[in-house]
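I opened this model to look up a handful of residues and the elements around them. My entries follow in the order in which I made them.

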Amino acid sequence: MSLRLSIASVLTLTLNLALGLVAAPVAQAQDAATIQRAVEIRDAALRSNIALDYVTQLTTRFGARPAGSPAERQAAAWAADYLRAQGFQNVRIEEFPLIGWERGESSAAIVGEHPQALVAAALGHSPATPRCGVEADVVRFTTLEDLQAAPEAAVRGKIVYVDLGQMRPMQDGSGYGPQTRVRGAGPGVAAAKGAAAFVMRSVGSDMDRMPHTGTTRYVDGKPTIPAFALAAPDADQVSRLVAMDQPVRLRLTSTARTYETHSQNVIGDLPGASRPDEIVVLGSHMDSWDLGTGAIDDGAGGAITVAAAKAVADSSRRPARTIRVIFYGSEEVAQPTSRTGDGGGVYARAQGAALDKHIIAGESDFGADRVYALRLPAGAQGSDFQKAANRVLYPIGVLASQQVETEGGVDVGPMGPLGVPFFGLAQDGTRYFDLHHTANDTLDKIDPAQLNQNVAAWAGLVWLIADSDVDFRAMRPAAGSTPSAGH
């Protein structure tokens with residue numbers, strides 16, 4: 001080999017160094033061969049994977065899968081068989097008790113001199129109205145805090161309406177949290193002040209006449225008052241009438257009911273070749289709301305994680321660590337007490353001391369649109385592992401972020417306080433809340449190309465994690481460093 005480099009070679013080397021593409025020393029288990037294998041797994045997954053097959057079968061065979069329903073149980077049994085057929089081992093179903101909720105029939109209307117039908121959906125785990133419905137004048141608030149501060153005399157016997165304003169579409173979905181505070185806590189606050197029922201603007205970024213459902217909270221283990229979400233155009237209609245100083249009187253009906261049942265987690269492993277006791281968890285949830293078929297929330301997440309794990313398994317060599325796919329049950333619903341529900345908590349508690357060998361966990365529960373950022377645990381920012389992952393993910397549009405992944409998601413989250421770190425592959429959520437919890441959450445909303453990009457990103461990253469000896473639990477931020485809040 002010549003010791004001299006041509007001018008072209010020098011320029012190429014300089015460019016590669018600037019882009020971080022030269023195989024400089026990285027973490028011990030991310031040598032050039034490991035990174036190249038991750039690239040090959042990524043590219044194979046991008047071309048062909050089982051994600052669309054999984055979510056198509058799930059949503060077509062079983063439709064909506066409310067927590068604790070026969071459809072959720074049947075889908076779980078089918079998913080266990082699906083995992084076995086794809087070569088997963090130690091496949092099992094982990095059952096736990098649940099209080100289920102059934103919507104029944106509901107309606108909403110303005111009554112009085114100028115009656116109008118409204119499009120509304122009962123909110124999850126809110127109780128039924130009396131058989132004849134609830135009819136009362138509306139008192140409107142624009143924030144939860146205003147409702148909390150209102151005197152009882154202004155609320156008692158009325159239908160409380162909270163209109164926080166229309167949710168704006170955002171890539172990271174950050175507008176959702178403030179809205180869900182209203183949905184979760186609002187009915188309880190209204191009930192404590194003697195309200196007859198609760199209504200809110202639907203929690204979504206669309207202007208379709210398709211209301212978004214979602215769960216309310218119990219108070220001291222008891223349901224609160226009948227609660228409903230108004231589709232955005234209908235929320236606008238009621239708010240305009242209030243602004244015109246017109247008296248607004250609503251009539252609401254709901255036949256919702258709760259019942260004792262059970263839910264379940266579905267678990268399957270791809271055992272590691274040399275360190276099978278070390279577990280990498282890939283999570284999603286099986287249940288969905290009843291209005292659509294749960295393709296976006298969260299059939300897509302299950303499809304992405306199982307397809308990514310299968311892509312790794314189909315490569316020419318098994319990774320060192322075990323990859324565990326979990327389809328969690330009952331993610332969507334609140335429960336009266338801690339004795340029922342909570343698929344993520346059930347799994348975490350059942351592991352006991354084995355949880356010490358859970359290396360890291362990630363969750364896919366934000367639809368099927370493209371991944372744009374990788375987030376790692378505290379201390380991994382700027383690490384050799386992050387650099388290696390960036391080399392694998394950057395070519396498909398995923399950037400390594402300095403934002404720390406601290407929560408994981410509702411399902412894997414209970415492992416966090418017990419010492420398990422998280423990774424996150426952030427998805428573009430710009431249109432997610434147009435569809436979320438609505439009748440519009442159906443298979444046709446999934447873009448196959450973006451779904452494949454998700455699988456490729458997960459597969460390449462999971463290979464790097466599962467075939468590494470990186471101890472994410474031991475990582476700590478560098479002294480004096482402060483992770484950025486941006487991407």
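**Entry 1: D234 and its helix**

I looked up D234 first and found it buried, with a relative accessible area of 2%, where buried means under 20% relative accessible area, exposed over 50%, and partly exposed in between (1.4 Å probe, protein chains only). I note that this is a predicted model, in which local features need pLDDT of at least 70 and side-chain atom pairs count only at pLDDT 80 or more, while totals for chains, interfaces and linings use all residues. Residues are numbered from 1 along each chain as its sequence is written, and side-chain values use heavy atoms, with hydrogens and water left out.

D234 lies in helix 8; helices (H or I, at least four residues) and strands (E, at least two) are DSSP runs, numbered from the N terminus. Leaving out residues up to four places away in sequence, I listed A117, L118, V119 and R209 as what D234 touches, a contact being heavy atoms within 4.5 Å.

**Entry 2: confidence**

I checked pLDDT, the predictor's confidence in each residue from 0 to 100, and the chain averages 92, with 92% of the residues scoring at least 70. Over residues 1-28 the pLDDT stays under 50, and the model has 18 contacts beyond four places in sequence for them. Residues 478-487 are also below 50, with 13 contacts in the model beyond near neighbours in sequence. Where pLDDT is low, the predicted coordinates should not be read in detail.

**Entry 3: the eight-stranded sheet**

I traced an open sheet of eight strands in the order 3-2-9-5-6-7-8-4, with mixed pairing; two strands pair if DSSP finds at least two bridges between them. Strand 3 (116-118) and strand 4 (120-122) are the edge strands, each pairing on one side only. On average, neighbouring strands of this sheet are turned by 30 degrees against each other, direction ignored; axes are lines fitted to C-alpha atoms, for helices over the stretch in contact, and angles run from 0 to 180 degrees between N-to-C directions.

Helix 7 (residues 176-192) packs on the sheet, touching strand 6 (159-162), strand 7 (197-201) and strand 8 (227-230), and its direction makes about 165 degrees with that of strand 7. Helix 8 (residues 232-243) also packs on the sheet, and the strands it touches include strand 2, strand 3 and strand 5 (134-141); its direction makes about 135 degrees with that of strand 3.

**Entry 4: strand 11**

Is strand 11 enclosed, or open to the outside? I found eight of the 11 residues of strand 11 (residues 275-285) buried, so it is largely enclosed by the rest of the structure. Eight bridges join strand 11 to strand 12 (residues 321-328), and the two run parallel. The chain gets from strand 11 to strand 12 through helix 9 (residues 295-313), and this β-α-β crossover is right-handed, that is, with the strands pointing away from the viewer, the path from the first strand over the helix to the second runs clockwise. I279 has T322 as its bridge partner in strand 12. Strand 13 (residues 358-363) also runs parallel to strand 11, joined by five bridges, and there V281 is partnered by A361.

**Entry 5: nonpolar cores**

The largest nonpolar core has 97 residues, and those with the most contacts inside it are Y54, L147, V160 and F198; such a core is a set of buried Ala, Val, Leu, Ile, Met, Phe, Trp, Tyr and Cys residues joined through side-chain atoms within 4.5 Å. Helix 13 supplies the largest share of this core, 12 residues. For Y54, leaving aside neighbours within four places in sequence, I noted contacts that include W78, M286, G299 and F327. Apart from the largest core lies another of 26 residues, among them A120, V134, V138 and W289.

**Entry 6: backbone oddities**

I found a cis peptide bond joining D297 and D298, with omega about 5 degrees; D298 is in helix 9. Two residues that are not glycine have a positive phi: N90, at about 55 degrees, and H437, at about 65 degrees. N90 lies in strand 1 (residues 89-102) and is partly exposed, at 48% relative accessibility, whereas H437 sits in the loop between helix 12 and helix 13 and is buried, at 5%.
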